[in-house]
Amino acid sequence: MLVVGTASAREGVACCDDVNGRRVCGNPLPAECYGRKYWLIDASGVVRKVVDPDAERARHRMSDDSEDLSAQERMLRRKHERLLQAFPTLEAFDAWRDAQLAGYDRQIDQIREMPAEKADPEAVETAVRRLQEEREAAAKRLAAERRELEEALKARQPRR
């Protein structure tokens, strides 16, 4: 797809850098600018618009690729990208996961260590049970996220 534009009198002049790096300007768009990045400059010298055909082609390719994917696949791809940005390695994820679970363990220990005169034993056990259930749920969720990170890391590796 060839992107060709014209600079209207209202927009002013179109300028680009030609193959030799020299600035070329004109109205309508100079032939040297066809298929190249160019700027639309108004009469006062202000750049009103930048047109980059390469970026447009890339954007179209990405939208064409994403149209081929189902909504679920796009959502999974975005989730994998977020995981990869946050955790570049499994070791980084494991360290974060361990810190998260250790937080639950610290809270449970703190509640159990409360002096008997300051805490109702039944309330303590209820709080401990609730935190243990939350920890188990978090551990399951984190295990699932780790599996997804493993998939994302495998997908990122070049195929041989």
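This is a short tour of a pocket and a sheet in a predicted model.

**Stop one: the pocket**

Start by selecting Leu69, Glu73, Leu76, Arg77, His80, Glu81, Leu84, Ala152, Ala155 and Arg156, and show their side chains; together they line the largest pocket. Put a surface on the selection if you like: the pocket's volume comes to about 210 Å³.

Now colour by element. Which helices give two or more residues to this lining? They are helix H2 (71-86) and helix H4 (121-156). Of the contributors, H2 gives the most, with 6 residues.

Next, recolour the lining by residue type. You should count 5 nonpolar, 1 polar and 4 charged residues. Glu81 and Arg156 are both in the lining, if you want a pair of labels to keep your bearings.

**Stop two: the sheet**

Hide the pocket and switch to cartoon. Here you'll find an open sheet of 4 strands, and reading across it gives the order E2-E1-E3-E4, with antiparallel pairing. Select 23-26 and 47-51 to pick out the edges: these are strands E2 and E4, each of which pairs on one side only. Turn the view to look across the strands, and follow the twist, which averages 25° from one strand to the next.

**Stop three: one strand pair**

Zoom in on strand E3 (residues 38-41) alongside E4, where the antiparallel pairing runs over 4 bridges. Show the backbone atoms here, as strands of a sheet pair through backbone hydrogen bonds. For a last click, which residue in E4 is the bridge partner of Leu40? Select Lys49, and you have that partner.

Terms used: Residues are numbered from 1 along each chain as its sequence is written. This is a predicted model: local features need pLDDT of at least 70, side-chain atom pairs count only at pLDDT 80 or more; totals for chains, interfaces and linings use all residues. Side-chain values use heavy atoms; hydrogens and water are left out. On a 1 Å grid over the protein atoms alone, a cavity is a set of points where a 1.4 Å probe fits but cannot get out, and a pocket is an open set with protein on both sides within 12 Å along at least five of seven lines; lining residues have an atom within 4 Å of a point. Grid points are joined across faces, edges and corners, and a volume is the space filled by probe spheres set on the points. Ala, Val, Leu, Ile, Met, Phe, Trp, Tyr, Cys and Pro count as nonpolar, Asp, Glu, Lys and Arg as charged, and the others, Gly among them, as polar. Two strands pair if DSSP finds at least two bridges between them. Axes are lines fitted to C-alpha atoms, for helices over the stretch in contact, and angles run from 0 to 180 degrees between N-to-C directions.
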